[in-house]
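Subject: The structure we talked about

Hi,

Here is the structure I promised you. Open it next to this email and follow along as you read.

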Amino acid sequence: SIAALSPVLSSVATKQAAINKTEAQNFAENAWECFKVSDDDEKFVSNVNFAEGVTLAGGVAGENGYKVYTYYSEENKFTAQISVKFPANERAEFKIDVTDKNGKSIISFSYQKGGEI
């Protein structure tokens with residue numbers, strides 16, 4: 001009976017991995033949408049917190065004027081590193097890298113307001 005359970009357990013694990021990947025991709029797209037309607041870091045964090053029901057706080061200064069936020073989803077086993085920059089007199093920029101629990105990239109892209117992905 002243990003041999004019969006192996007395919008079932010494998011199928012359940014594969015389904016859960018697909019769900020986790022979808023949730024990670026949805027998070028990235030929602031964060032991007034929140035960025036597009038934000039004028040500064042504070043508004044961005046507020047929008048993400050509201051839209052996702054998460055606490056996106058503790059951003060740290062990164063390279064080239066970016067503020068970097070890291071979010072970990074315990075439930076869906078992914079980590080998102082979000083970098084945003086709202087410079088005066090320049091187009092705002094957004095970068096996101098989402099990895100699974102093993103550090104494998106799920107989705108990664110950047111966007112500059114007034115530009116394309």
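Let's start with a warm-up: is Lys-77 buried, partly exposed or exposed? Lys-77 counts as partly exposed, because its relative accessibility is 30%, and a residue has to be under 20% to be buried and over 50% to be exposed. Before you go further, keep in mind that this is a predicted model.

**The overall layout**

The protein has two helices and five strands. If you walk along the sequence, you meet them in the pattern α-α-β-β-β-β-β. There are 117 residues, of which 32% count as buried. Looking at contacts with a separation of 6 or more, 37% are between residues 24 or more positions apart.

**The sheet**

The five strands make an open sheet in the order S1-S2-S3-S4-S5, and the pairing is antiparallel. S1 (60–61) and S5 (105–112) are the edge strands: each has a single partner, so one side of each is left without a neighbour in the sheet. As background, strands in a sheet pair through backbone hydrogen bonds, and the pairing can be parallel or antiparallel.

Now go pair by pair. S1 and S2 are joined by two bridges, and here you can find Val-60 opposite Val-68 in S2. S2 and S3 are joined by seven bridges, with Tyr-72 opposite Thr-79 in S3. S3 (residues 78–85) and S4 (residues 93–100) run antiparallel with eight bridges between them. Thr-79 turns up again here, since its bridge partner in S4 is Thr-99. Try clicking on Thr-79 and looking to both sides: Tyr-72 is its opposite number in S2, and Thr-99 is its partner in S4.

**Two hairpins with a positive phi**

Most residues other than glycine have a negative phi, so exceptions like the next two deserve a look. The hairpin of S1 and S2 has five residues between its strands, and in it Asn-64 takes a positive phi near 55°. Asn-64 is exposed, with a relative accessible area of 62%. The hairpin of S2 and S3 has four residues between its strands, and there Lys-77, our warm-up residue, has a positive phi near 55°.

**Around Asn-76**

Stay in the loop between S2 and S3, where Asn-76 also lies. Is Asn-76 buried or exposed? Asn-76 counts as buried, because its relative accessibility is 10% and the cut-off for buried is under 20%.

What does Asn-76 touch, once you leave out residues up to four places away in sequence? The list is Ile-19, Asn-20 and Glu-23. With Asn-20 there is a polar contact of 3.3 Å between the two side chains. Ile-19 sits in helix H1 (residues 2–36) and is partly exposed, at 36% relative accessible area. Ile-19 and Asn-76 are 57 residues apart along the chain, yet their C-alpha atoms are separated by 7.7 Å.

Asn-76 has a partner in strand S2 (residues 67–73) as well: Ser-73. A polar atom of the Ser-73 side chain lies 3.0 Å from the backbone nitrogen of Asn-76. Ser-73 counts as buried, because its relative accessibility is 6%.

**Helix H2**

H2 covers residues 41–52, which is 12 residues, and at 1.5 Å a residue it should span 16 Å; its end C-alpha atoms are 16 Å apart, so the two agree. The helix lies across S2, S3 and S4 and runs at about 10° to S2.

Which residues of H2 are buried? Phe-44, Val-45, Asn-47 and Val-48 are. They cover an arc of only 165° around the axis, which means they are on the same side of H2. On the other side, Glu-42 and Phe-50 are exposed.

Have a look at both ends too. At the N-terminal end, Asp-40 acts as a cap, with a side-chain oxygen 3.2 Å from the backbone nitrogen of Glu-42. Just after the helix, Gly-53 takes a positive phi of about 70°.

That's the tour. Write back if you get stuck anywhere.

Cheers

Note on methods: Residues numbered from 1 in each chain as written. Predicted model: local features only at pLDDT ≥ 70, side-chain atom pairs only at ≥ 80, totals over all residues. Heavy atoms only, no water. Buried < 20%, exposed > 50% of the residue type's maximum accessible area, 1.4 Å probe, protein only. Polar contact = N/O pair within 3.5 Å; in protein donor to acceptor, adjacent residues only side chain to side chain. Expected span 1.5 Å × (residues − 1). Arc of directions from axis to C-beta. Pairing = 2+ DSSP bridges. Contact = heavy atoms within 4.5 Å. Axes fitted to C-alpha atoms, helices over the stretch in contact; angles between N-to-C directions.
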